[in-house]
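Reader: Hello! Could you take a close look at the aromatic residues for me, and walk me through what surrounds them?

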Amino acid sequence: MVPISDWYQKCLMFHRFWSIDDKQIHTRYSALRSIVVTNYEETIKMPINEPAMGKKKSQIQEYVDYNGGPGVQHIALNTSNIIRAIENLRERGVEFLSAPDTYYETLREKLKTAKIQVKEDLDHLQKLKILVDFDDKGYLLQIFTKPVQDRPTLFLEVIQRNNHFGFGAGNFKSLFEAIEKDQEARGNLTVITPEGRAKAFR
């Protein structure tokens, strides 16, 4: 990850926009590290991720294994009306990852003391399983598809920004847990043995 981010900075004159380590982004099973680089105008942002050691194989490692190496894992699509977009996509058969109802219970509690107000109906967002992240200035709405190919590699993100230019860091753990649930359904949530080999988890 570090040599790749250095390449973006040295060869393309990008700069570091944000970075996190496995202490910040982890679940009970897996973790990741990430460096986000961006161009001078900050119109292009590239999150560069790598798996961190965990009890089981992370979705980042699963991607690398099935892809045969590094590559593009997901593409974010910006929209001005995420509710209409997701309703239309669901009608056309697109499958999305699902957040548990407890996520929305916690969200409602956090929003009670927030400096911003989400304009969209939270019940409707919960029904569609759209995630919310916010800071003192604004919020974003986002949702992620299940893999769109016959391998668990590429997936899409649909995002709507309301004066919020982050990456949904507050949703990373929920996203990871949803992906791990999908991994388990595929039989790919595996235990990492001390010898470094993956053992099937059942």
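**A close look at the aromatic cluster**

Author: Happy to! Ring pairs join W7, Y8 and F14 into a cluster. Please keep in mind that this is a predicted model.

Let's start with one pair inside that cluster. The structure has four aromatic pairs, and one of them is formed by Y8 and F14, whose rings are tilted, with 5.6 Å from centre to centre and 55° between the planes. Both Y8 and F14 are buried.

Just before F14 in the chain comes M13, in the loop between α1 (2-11) and β1 (15-20). M13 is exposed, because its relative accessible area is 63%, and a residue counts as exposed when that value is over 50%. The backbone of M13 also deserves a glance. Most residues other than glycine have a negative phi. M13 is not a glycine, yet its phi is positive, at about 60°.

From F14 we can step across to T38, which touches F14, H15, F17, T43, I44 and K45, leaving aside residues up to four places away in sequence. T38 belongs to strand β2 (residues 31-38). With a relative accessibility of 0%, T38 counts as buried. The side chain of T38 also reaches the backbone oxygen of I44, at 2.8 Å. Two of the residues that T38 touches, F17 and K45, have an arrangement of their own: K45 lies over the face of F17, at 5.0 Å from the ring centre.

Another of the aromatic pairs is made by Y103 and Y104, this time edge-to-face, with 4.8 Å centre to centre and 85° between the planes. Y103 and Y104 are both buried, and they appear among the buried residues of helix α4 together with L107 and L111. These four cover an arc of only 90° around the axis, so they sit on the same side of α4. The helix itself passes a simple length check: at 1.5 Å a residue, the 12 residues of α4 (residues 101-112) should span 16 Å, and the end C-alpha atoms are 17 Å apart, which agrees.

One last stop takes us away from the rings, to a backbone feature like that of M13. K129, in the loop between α5 (122-128) and β5 (131-134), is not a glycine either, but has a positive phi of about 65°. K129 is buried, because its relative accessible area is 17%, whereas M13 is exposed.

Key:
Residues numbered from 1 in each chain as written. Predicted model: local features only at pLDDT ≥ 70, side-chain atom pairs only at ≥ 80, totals over all residues. Heavy atoms only, no water. Phe/Tyr/Trp six-rings, centres within 6.5 Å; stacked < 30°, edge-to-face > 60°. Buried < 20%, exposed > 50% of the residue type's maximum accessible area, 1.4 Å probe, protein only. Lys NZ or Arg CZ within 6 Å of the ring centre and 35° of its normal. Helix = DSSP H or I, 4+ residues; strand = E, 2+ residues; numbered from the N terminus. Expected span 1.5 Å × (residues − 1). Arc of directions from axis to C-beta. Polar contact = N/O pair within 3.5 Å; in protein donor to acceptor, adjacent residues only side chain to side chain. Contact = heavy atoms within 4.5 Å.
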